Amino acid sequence: MKPIKITLFILLLSFSLFAQKQPLLHLKYEQNYTPTYSEVIEMYQLLDKNYANATLLEKGLTDCGKPLHLFVINSEPEFSPEKIRQHGKTILLINNGIHAGEPEGIDASLEFADDILRNNGGMAKILENTVIIIIPVYNIGGVLNRSAYNRSGQTTPYETGFRGNYANLDLNRDFTKCDSENARSFSQIFAEWNPDIFLDTHTTNGSDHQYSITLIPPSFALYPPVMEKFIRNNLIPDLFSEMKKGKYELIPYVNYIFDDPRKGIAAEHEGPRYSSGFSSMFHSIGMITENQIYRDYADRVKSCYQFIQVLAEFTASNSEPIKKSRADGIKESMLMNQYPVAFELDTTKFRMIEFKGYEAVKDQISPVTGLARFGYDVSKPYTDKVKYFDEFKKTEYVTVPEFYFLPQNYREIIEKLDLLKISYSRLKKDTLFEVTVDYIDDFSSPAKPYNGHYYHDKVTTHSEKQRIEFYAGDLVIPVRQEKIKYLLEMFEPKASDSFFRWNFFDNILDQREYFSSYGFEANALKYLDEQPAFKSKFQEKQKTDPEFARNHRALLAYIYNNTEWLEKTWKRYPVGKIYR
Ligand SMILES: [Zn+2]
């Protein structure tokens, strides 16, 4: 029996070695099928079981109660981010299915993980100095809400998930306000792993053209100069030229600013509420792929795969320059004195890029309504040079403070600081500080909520120096720390996705005290008697403004609004600042 057993063992061993070189996963994107949530997780579990150098982790929860998974691929069975960093490895994070009806990245990441683990075509070389971490599905609630009717502009795959999550939030607007459990778990992953490069995969129906995949590159204006230079001169040219060598060419996301893409395309500026903008706050180079829905699903998945491969190869072959660029960028940011908070597309600056489009037709007859509509004639492809606008002007700056003082009652904010491992201390005793505070002079808010909030736009402020008592337990946050950009983006009320903008400070916007036309009189009289200088100013105004002088309420209001009677805390943004 013994010899047979050994032969059988050798046979099984050789079979299993051989088996691991074959793909373990069988994706069905060629049949316009994208896996369900449980199929996705089962596939990663299979890879985890078969490869010691990969693992599937659970990292916190999502709104629907299911855990957020993270699949880690290393060259060895080492999955501690601290140890991986100590080994000098770069980290590439790929996020999929944030909009669950946009599943190319879900399929492509599975196939990529399978291939790199079995070292298909020598791909495992990437893992020598780079660790790839994949969020298989971010919007789990959305993926579970699967239907053939979730994506009106998409004919394939036949069934997909839904854009909103279990809480009906658009998760790609939720990164800074961080309402969802998904975003809280993501924040923890980001703080723990501190990825050097970050990719979020999407699908677009913006326009029809010959490309299967488009890219929203990292927005230059969101990075310190040294990183901006690296992104412009190294990352972007490399990604585009490497993609051109493969089957699927890459084009910037076709955001056309006139009535036809042929007349010009503009870059997208995605601020911190979006995944790529969020990553920029941590000096992580973040970008978004947008697959084009009018191409075949298989081509969309394969082009997304090709991009992931190109990006992983770039990360591996530029490991040292990437780390240096980030380290230098952080130093630059920590020394900043002025910080940009508003951006505008510079329509005077453009470069010409090659674009393979289809003729736009303004009076194409709709097969549904029989009426003329705008469309593309796919029988008329063209290759042309088009204007590409990708420069943003920085139109407003704020001065960088040294410290923020945050009252302890803002517990939701403090929770976010903790998730992101922001350094701060708490006052040990009640202390009077001379700080600069901003008053919110004006803002506009929509009549209907946007992603669960009444986002404040057009914020104007003025500053005052005041002596304010902060209490034991209030937060003192040093601004010049590694995460300086996060602090400025979140605590400067004018920054586009600040806590103020997303309603975390709405409590300061209405008055708590006021005056009665009868009740205020005794105090008003006493005040005029005690403050002769103010009294003469008041009398002067009565003399020069007869209409004012005839209005009892206006007279009392003048006294109330121009003296200590008016509460100082009304519209006073409660974060105190100390400047150098
Ligand atoms: Zn999307």
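1. Helix H16, which covers residues 552-561, has Leu555, Leu556, Ala557, Tyr558, Ile559 and Tyr560 among its residues, and these six are buried. In this predicted model, the buried residues of H16 pack against three other helices, namely H13 (521-530), H14 (532-544) and H15 (546-549). The N-terminal end of H16 is capped by Asn551, a side-chain oxygen of which lies 3.1 Å from the backbone nitrogen of Arg553.

2. On the reliability of the prediction, the mean pLDDT of the chain is 95, and 97% of the residues reach 70 or more. Two segments deserve caution: pLDDT stays under 50 over residues 1-6, for which the model shows zero contacts beyond four places in sequence, and it also stays under 50 over residues 11-19, where the model again has zero contacts beyond four places in sequence. I would read no structural detail into the coordinates of residues 1-6 or residues 11-19.

3. As for the chain overall, there are 16 helices and 19 strands, and the C-alpha trace spans about 110 × 65 × 40 Å along its principal axes. Of the 580 residues, 54% count as buried, while the chain exposes about 26400 Å², of which carbon and sulfur atoms supply 53%. Among contacts between residues at least 6 apart in sequence, 78% join residues at least 24 apart.

4. The metal site comes next. The zinc ion is coordinated at 2.1 Å by ND1 of His99, OE of Glu102 and ND1 of His202, and along the chain these donors follow the spacing H-x2-E-x99-H. Because His99 lies in the loop between strand S3 (90-95) and helix H4 (104-117), whereas His202 belongs to strand S5 (residues 197-204), the pair ties together parts that are 103 residues apart in sequence. Water is not among the atoms, so the site may look incomplete.

5. Are the zinc-coordinating histidines buried or exposed? His99 is buried, with a relative accessible area of 2%, and His202 is likewise buried, its relative accessible area being 3%. Glu102, which is placed in the loop between S3 and H4, is buried as well, with a relative accessible area of 3%.

6. The surroundings of Glu102 merit a separate remark, given that Glu102 also coordinates the zinc ion. The side chain of Glu102 makes a polar contact of 3.2 Å with the side chain of Arg151, and a further polar contact, of 3.5 Å, joins the side chains of Glu102 and Arg163. If residues up to four places away in sequence are left out of the count, Glu102 touches Arg151, Arg163, Thr201, His202 and Thr203; His202, one of these, is itself a zinc ligand.

7. A last point concerns strand pairing around S14. Strand S14 (residues 403-406) pairs with strand S18 (residues 475-478) in the antiparallel sense over four bridges, and in this pairing Phe403 stands opposite Pro478 of S18. S14 also pairs with strand S19 (residues 576-578), again in the antiparallel sense, over three bridges, with Phe405 standing opposite Gly576 of S19.

Definitions and conventions. Residues are numbered from 1 along each chain as its sequence is written. This is a predicted model: local features need pLDDT of at least 70, side-chain atom pairs count only at pLDDT 80 or more; totals for chains, interfaces and linings use all residues. Side-chain values use heavy atoms; hydrogens and water are left out. Donors are N, O and S atoms within 2.8 Å of the metal (3.2 Å for Na, K and Ca); water is not among the atoms, so sites may look incomplete. Helices (H or I, at least four residues) and strands (E, at least two) are DSSP runs, numbered from the N terminus. Buried means under 20% relative accessible area, exposed over 50%, partly exposed in between (1.4 Å probe, protein chains only). Contact means heavy atoms within 4.5 Å. A polar contact is a pair of N or O atoms within 3.5 Å; within protein, one must be able to donate a hydrogen and the other to accept it, and residues adjacent in sequence count only if both atoms are side-chain atoms. Two strands pair if DSSP finds at least two bridges between them. pLDDT is the predictor's confidence in each residue, from 0 to 100. Accessible areas come from the Shrake-Rupley method with a 1.4 Å probe; for residues, only the protein chains shown count as cover.
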